Amino acid sequence: MVPDEKNKSSVDKFILLGFSEYPRLQMPLFLVFLVIYTVILVGNVGIVVVIKMNPKLHTPMYFFLSHVSFLDICYSTVFIPKLLEILVMEDRTISFTGCMLQFFLSCESVIAEMLMLAVMAYDRFVAVCNPLLYTVAMSPKLCVLLVAGSYTWGGLCSLTLTCSLLELSYCGHNIIDHFACEFSAILSVSCSDPYFSQMACLVISTFNELCSLLIILASYVFIVVTIMKMPSTGGLRKAFSTCASHLTAITNSESRKLLVKVATVLFIVMIPMLNPLIYSLRNKDVKETLRRLINSKLHSHLI
């Protein structure tokens with residue numbers, strides 16, 4: 001066996017330190033993250049169910065939104081259950097395969113959601129700037145292709161980065177000072193030159209972020225120009241309301257080890273938890289569907 005290959009196979013599991021340097025906070029943190037995870041699941045599953053139930057919400061925007069909610073569920077589920085486990089269990093290990101799978105799935109979710117936000121910005125551009133052609137321009141076939149393209153491109157990027165990590169050597173040092181298999185955390189336990197992995201991450205993340213940002217900015221520049229040309233106040237209000245929720249979500253989306261952990265926690269829990277509130281509570285059709293659903297459940301229990 002080649003020495004390099006031996007090094008690559010010498011580590012079969014990692015130890016996640018998590019927040020073990022704060023033993024008194026383990027149980028309070030467990031309870032906090034358990035509540036947050038429950039809110040994320042209930043909120044995002046609720047959005048998907050409401051969109052399925054209400055025919056008024058069978059539009060491209062809510063089709064994309066249901067996939068954003070699905071990705072939020074996936075992203076938080078990749079991290080939070082393992083975080084809950086290491087907060088209460090003495091065994092803080094994660095297998096090598098499990099670590100790489102966690103990274104792959106989280107990367108796929110992040111990139112796909114980034115592209116989905118860009119797709120939603122384009123959808124709002126068509127809705128405001130070309131309302132008469134909206135149903136033709138945003139056909140069901142195109143919507144499916146845009147969603148499938150987002151997942152496929154996210155998968156290809158994630159696979160590339162995961163393969164670059166698999167090519168590194170891991171020769172004994174298996175303690176990860178993090179609660180998850182995040183990119184920089186995995187690199188920190190490698191004993192080989194991470195240059196290619198770092199460059200791949202830089203190129204892929206820069207390309208995806210720039211492309212998404214340019215699509216979003218271009219869409220909203222055209223939207224603002226169109227809105228400013230609208231003669232009536234009612235038209236302005238209606239056009240702005242179609243974009244307000246999406247803009248709020250984009251705003252929400254976009255060193256020291258403790259700070260890295262806290263920042264990662266905030267990204268993992270805040271975005272998936274806030275998106276259902278941002279998108280649903282501002283929409284009267286969503287609120288009406290929720291109201292009818294709750295009333296029907298209460299009526300059935302009373303009977």
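V45 is partly exposed in this predicted model, with a relative accessible area of 39%. This residue belongs to helix 2, one of the 11 helices that the protein contains alongside 3 strands. Across the 303 residues of the protein, 43% count as buried. The points below take up the overall order of elements, the helix pair that involves helix 2, the sheet, and a buried serine.

**Overall architecture**

- Read from the N terminus, the elements follow the order α-β-α-α-β-α-α-α-β-α-α-α-α-α.
- The protein holds 11 helices and 3 strands.

**Helix 2 and helix 3**

- Helix 2 spans residues 26-53 and helix 3 spans residues 60-88; the two pack with their axes 9 Å apart, at an angle of about 160°.
- Angles over 145 degrees count as roughly antiparallel, and helix 2 and helix 3 are therefore roughly antiparallel to each other.
- The crossing of helix 2 past helix 3 is left-handed.
- V45, located in helix 2, has its C-alpha atom 7.7 Å from that of F70, although 25 residues separate V45 and F70 along the chain.
- The relative accessible area of 39% for V45 falls between the limits of 20% for buried and 50% for exposed, so V45 is classed as partly exposed.

**The sheet and the helix across it**

- The 3 strands form an open sheet in the order 2-1-3, and their pairing is mixed.
- Strand 2 (93-95) and strand 3 (175-176) are the edge strands; each has a single partner strand, so one side of each lacks a neighbour in the sheet.
- Strand 1, comprising residues 13-16, pairs with strand 3 in the parallel sense, over 2 bridges.
- Within the sheet, I15 is positioned opposite I175 of strand 3.
- Helix 4, residues 96-129, lies across strand 1, strand 2 and strand 3, and runs at about 80° to strand 2.

**The surroundings of S197**

- S197 is located in helix 8, which covers residues 195-229.
- With a relative accessible area of 2%, S197 is buried; the cut-off for that class is under 20%.
- A polar atom of the S197 side chain lies 3.0 Å from the backbone oxygen of S164.
- Leaving aside residues up to four places away in sequence, S197 touches S164, L165, L168, F183 and L187.
- S164 thus appears both in the list of residues that S197 touches and, through its backbone oxygen, at 3.0 Å from a polar atom of the S197 side chain.

Conventions:
Residues are numbered from 1 along each chain as its sequence is written. This is a predicted model: local features need pLDDT of at least 70, side-chain atom pairs count only at pLDDT 80 or more; totals for chains, interfaces and linings use all residues. Side-chain values use heavy atoms; hydrogens and water are left out. Two strands pair if DSSP finds at least two bridges between them. Helices (H or I, at least four residues) and strands (E, at least two) are DSSP runs, numbered from the N terminus. Contact means heavy atoms within 4.5 Å. Axes are lines fitted to C-alpha atoms, for helices over the stretch in contact, and angles run from 0 to 180 degrees between N-to-C directions. Buried means under 20% relative accessible area, exposed over 50%, partly exposed in between (1.4 Å probe, protein chains only). A polar contact is a pair of N or O atoms within 3.5 Å; within protein, one must be able to donate a hydrogen and the other to accept it, and residues adjacent in sequence count only if both atoms are side-chain atoms. Angles under 35 degrees count as roughly parallel, over 145 as roughly antiparallel, 65 to 115 as roughly perpendicular and the rest as oblique. A crossing is left-handed if the near helix is turned anticlockwise from the far one by less than a right angle, and right-handed if clockwise.
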